Amino acid sequence: MEDKLDEVLQKYDFNVASRNRIRGAVLIDTDKGYKLVKETKSSAGRLVWENRVKNHLRENGFEKIDAYCINNEGNISTPDMYGVRYTVSDWYIGSECNLNDVKQVYLASKNLGELHIKLDGFETESDCVQPVQTEITDRFEKHNSELKHIRNYLKNRNDRNEFEIRLLKAYPTFFAEAEEAVSKLKNVVGWNTRNIIHGSYTYHNIIMCEDGIATTVFEKSTYGPRLMDLYYFLRKVMEKNEWSFEYGVAVMSGYESYRRLEENEMRALKLLLLYPEKFWKLASYYMNSKKTWMSQKNLDKLNALEKQRLNRHKFIDEIS
């Protein structure tokens, strides 16, 4: 590994002082700041598209991102002696956003609002591999079909364990939410527009540094409603905090300090939150796992979902 990395790093215009392995990558300290080296399977066209998104952000003043370092040959990725390709990106020292810290949640949400504003006006070129936008309602309808399949499987299963009994009992309530959300989302006009979104705005990719917030990992950036970045971050925050109204207000006020939601976006956000995505994930995970034993962890998750359901509905009713 060291020899391969040495070969790769020789093609960059910086000197390496030290290196340390971190999750799935190598962090290097150089005379031009910290860099992250990791293997990539993305196509050259996809990397060009991501690089243009990042360049657009920096040109518009959103600078604290994991921008790609271009090697001495003018390429974004660099192969080792075996043909495995690596990217080198700017990196930052700090901690992941703590979703149980309301101040950090507020700042991360504010950062997301700024990110969306700074992504406005991005234009790509024909030589890029442009991601395809997926309709959100199509995705949720697919989830609903999966839920029906799981229900039918459970109904025909003999000797159900406690988790299976509880899952089948909870199904009608959660599936009714799923159908209502999808049906009503189809009637909300104008929110599902074609914008550039981060695609993975989670606490892992938000680094709280002493001098600000670094936004990283644009590998899932794509075209879609900006609302989806906000929805996924908000839902994760709320699930971590028992759907506490205080945390919800922190997310919404932080984001809207930079970008106010339009009325149709607020309607869509409430319906997205109504959709029981966590229930679908849990049921799907069960369906794809071994059925010969019951996971206590899954049962605990189901219990938590049922307990949080009323708080979730209360929050949906109260936000405006």
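Two strands count as paired here if DSSP finds at least two bridges between them. Strands are DSSP runs of E with at least two residues, helices are runs of H or I with at least four, and both are numbered from the N terminus.

Okay, quick housekeeping. What we have is a predicted model, where local features need pLDDT of at least 70 and side-chain atom pairs count only at pLDDT 80 or more, while totals for chains, interfaces and linings use all residues. Residues are numbered from 1 along each chain as its sequence is written, and side-chain values use heavy atoms, with hydrogens and water left out.

Let's start with the strands. S1, residues 16–22, pairs with S2, residues 25–30, in the antiparallel sense over six bridges. If you want a spot to click on, Asn20 has Leu27 in S2 as its bridge partner. The two strands make a hairpin with two residues between them, and in that turn Gly24 has a positive phi of about 70°.

Carry on along the chain and S2 forms another hairpin with S3, again with two residues in between. That pairing is antiparallel too, over five bridges, and Ile28 is matched with Lys35 in S3. Then S3 is joined to S5 by five bridges, with the strands running antiparallel. Over there, Glu39 stands opposite Tyr86 in S5.

There's also an open sheet of three strands, in the order S6-S8-S9, with antiparallel pairing. S6 (95–96) and S9 (212–215) are the edge strands with a single partner each, so one side of each has no neighbour in the sheet. S6 is joined to S8, residues 206–209, by two antiparallel bridges, and one pair to look at is Ser95 with Met208 in S8.

Now, helix H5, residues 162–185. How far apart are the end C-alpha atoms of H5? They sit 34 Å apart, which agrees with the 34 Å expected for 24 residues at 1.5 Å a residue; the expected span is 1.5 Å times one less than the number of residues. H5 does bend, though, by about 45° at Tyr171, and Pro172 follows within four residues. That bend is the angle between axes fitted to the seven residues ending there and the seven starting there. At the start of H5, a side-chain oxygen of Asn161 comes to within 3.1 Å of the backbone nitrogen of Phe163. A polar contact, for the record, is a pair of N or O atoms within 3.5 Å; within protein, one must be able to donate a hydrogen and the other to accept it, and residues adjacent in sequence count only if both atoms are side-chain atoms.

On to the holes. On a 1 Å grid over the protein atoms alone, a cavity is a set of points where a 1.4 Å probe fits but cannot get out; a pocket is an open set with protein on both sides within 12 Å along at least five of seven lines; and lining residues have an atom within 4 Å of a point. Points are joined across faces, edges and corners, and a volume is the space filled by probe spheres set on the points.

How many cavities of 30 Å³ or more are there? Three. The largest holds about 130 Å³. It has 14 lining residues, and Glu239, Trp243, Lys278, Leu305 and Arg312 are the closest to its centre. H6 (226–240), H9 (277–287) and H10 (296–318) each give two or more residues to that lining, with H10 giving the largest share, four.

The second largest cavity is about 70 Å³. Its lining includes Leu36, Lys38, Tyr68 and Trp91, and the elements giving two or more residues are S3 (33–39), H2 (44–59) and S5 (85–90). So S3 and S5 turn up here as well as in the pairing I showed earlier.

Last one: the second largest pocket, with about 400 Å³ of space. Of its 15 lining residues, Lys236, Glu239, Lys278, Lys281 and Lys301 are the closest to the centre. H6, H9 and H10 each supply at least two residues of this lining, and H10 has the largest share with five. By class, that pocket lining divides into five nonpolar, four polar and six charged residues. The classes run like this: Ala, Val, Leu, Ile, Met, Phe, Trp, Tyr, Cys and Pro are nonpolar, Asp, Glu, Lys and Arg are charged, and the others, Gly among them, are polar.
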